[in-house]
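Please describe how the helices and strands of this model pack against one another. The report should start with the sheet and then turn to the helices.

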Amino acid sequence: MQAMGPIEKQLRRFWPFASLALILLIIVVVVDASGSILMQRTVADGLIKLIVVVGIYIFMGNSGVLSFGSIVYMMIGAYATAWMTLLPNLKRFTLPGLPGFLIEAQLDPFVSLILAALLAAAVAFVLALAIMRTNPIAISIATFAAMAMGYTIYNNWERVTLGTSSIIGLPMYVDMWVVFYWALVVMAIAYIYQISRFGLALRASREDEVAARAFGVNVYIQRVIAFTLSGFVVGIGGVLHGHFLGILTVNAFWIQLTFITLAMLVVGGQNSLAGAVVGVIVITAATEIFRQMEKGAEIGSTLIQLPLGVQEVILGVLMLAIMIFRPAGIMGGREIPWPFGPPKPIRGGRSRTLETGAGKARTGD
Amino acid sequence: MSEAATKGSNGELLEARDISVHFEGLAALDGLSVSLDRTEIFGLIGPNGSGKTTLVNVLTGFQKATAGRVTLSGRDITDWPPYRIGRAGLSRTFQAVRLFRDLSVLENLEIAGVGHGLSRRAAEKRAVDILEWMNFEHKAYDLADTLPYGDERRVGIGRALASAPQFVLLDEPAAGLTDAECDDIMQLIARIPADFGCGVLLIEHNMRVIMGVCGRIHVIESGQSVAEGPPGDIQSNPDVIRAYLGSKPQDA
């Protein structure tokens, strides 16, 4: 019934994902070829943020409901993987509050990642069950309240998290390429979700909640599904964060990270996957450029050096400018368009014969 | 029960019995009963504020009735939430249209199918069929936000049909349309019962539309029933004329 072939249709369908994967691949390959360890670490760190931002996007972008409290799932994932991968001897002395089976556990990093992300998802699920019946603003505040709770618990639960001290000794298997592969997986999860009937139903509620309900969308359930999936993906980001740095501090999972990840999403455009990805790339690149300029950069024969702290100010101005002149973000809520023209119109000429007509309708519910 | 309730072709009725809605003592609806089957277009008219939209909201679960029952093909749906009523086969349009603005026309229709429990693929197929039925397939990929007003209203009707409803409630589908657009909408509405096996409850101020497509018309005023019958009877009914003109003939 479409005027295009099935292969072209599939290519078109997955182009928004494929194009973003391609952009990331180019960045990673170029940085890898540059041989700069520092650059590779910057990109790896950026890609971890990308995973977190895509995770936040899964809920926030599709539902239109702000989530201020997503970083807590990153923390849950990070600490869970520490519990499962640290050396048992280390845990016996530093984290004596852990149950015996966790102290003895030393799991494969992949298994640990999945389990840790599942724990984050489970916590997100339980919270979602409780809060998703209320209105969007109340949900936003509730996500923040839950984050503050989790943060305080982890900060004081010394025998399990070391409280305000740092946990060290996580196996550091994560480099730029590892994060890149996981970023692809996470983007694929987000994209498949968003084109699924669940994602479509949730986006309908974002556009008009009343109409969505009238057309059979259980907004509560759809929000719970998205928030749980979001917790899973953000949890993956937390796991990778832990194994990238090898060290964990509760303080790291608080307002600053919340702000920067939300800023990335909003600057890129929170209503599309491309917006999430582009926002991370733009903010990461801008931050890096200004940081270099604070250190001083020679362009031609003149040394340009910005005073310390200017980086944050310029970044703030940049964000304000984007919000004022392009409130829907850089991508304006769109995915990257298929480069070979818009979809062809559906072929007409079958009017009056309707397969979904009377007969089928009668057998309906 | 009115005589109309028993003449249904297959006994599948949308029925509201003795519906009352009180807002802090003010009666928006006062013991109203209507009933329609899946083969007919049933008009609901009345002056502004007479309770037409309140009735639609009660039928679709958006407004709780203070008293009375709503049944759909024998099932009592009175206290069901809107999404459940939508899935059970009762679909609607909105006076304010309420399209999903940042989604394409095709997606707008797909959501109705998806909400009804179809897979995305099946929902897309049904959406395409309905767009072709409306001769609107050329705008399938346009964003709903970019449509002119008249097209918005048509897409609203298409979306209401995309969930394969047993009954569809059209809340002023012709409001603000030009005469030519009204003709298009009337043709579209007139084909719904035969092509979809779906009864239509039509609320409209435009008398040309109401008289042109409805088999039966129910008139309400101040939440109460004034008259019910075929268009010819309604047009000459003195109670209806009084309800609309609001004064005695000798004063006019």
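Two strands pair if DSSP finds at least two bridges between them, where strands (E, at least two residues) and helices (H or I, at least four) are DSSP runs numbered from the N terminus. This is a predicted model, in which local features need pLDDT of at least 70, side-chain atom pairs count only at pLDDT 80 or more, and totals for chains, interfaces and linings use all residues. Residues are numbered from 1 along each chain as its sequence is written, while chains are lettered from A and ligands numbered from 1 in the order in which they are written.

In chain B, six strands form an open sheet of mixed pairing, in the order β6-β7-β8-β3-β9-β10. Because β6 (90-92) and β10 (224-229) of chain B stand at the edges with a single partner strand each, one side of each is left without a neighbour in the sheet. Within the sheet, β7 (residues 167-171) and β8 (residues 199-203) of chain B pair in the parallel sense over five bridges, and B:L170 has B:L202 in β8(B) as its bridge partner.

Two helices of chain B lie across strands of chain B; contact means C-beta atoms, placed from the backbone, within 7 Å, and angles run from 0 to 180 degrees between N-to-C directions of axes, which are lines fitted to C-alpha atoms, for helices over the stretch in contact.

| Helix | Strands crossed | Angle |
|---|---|---|
| α2(B), residues 52-59 | β3, β6, β7, β8 and β9 of chain B | about 150° to β7(B) |
| α7(B), residues 179-196 | β3, β7 and β8 of chain B | about 155° to β8(B) |

In chain A, the axes of α10 (residues 197-207) and α12 (residues 219-245) come within 9 Å and cross at roughly 120°. Among the residues that meet there are A:F198 and A:L202 in α10(A), and A:V219 and A:I225 in α12(A).
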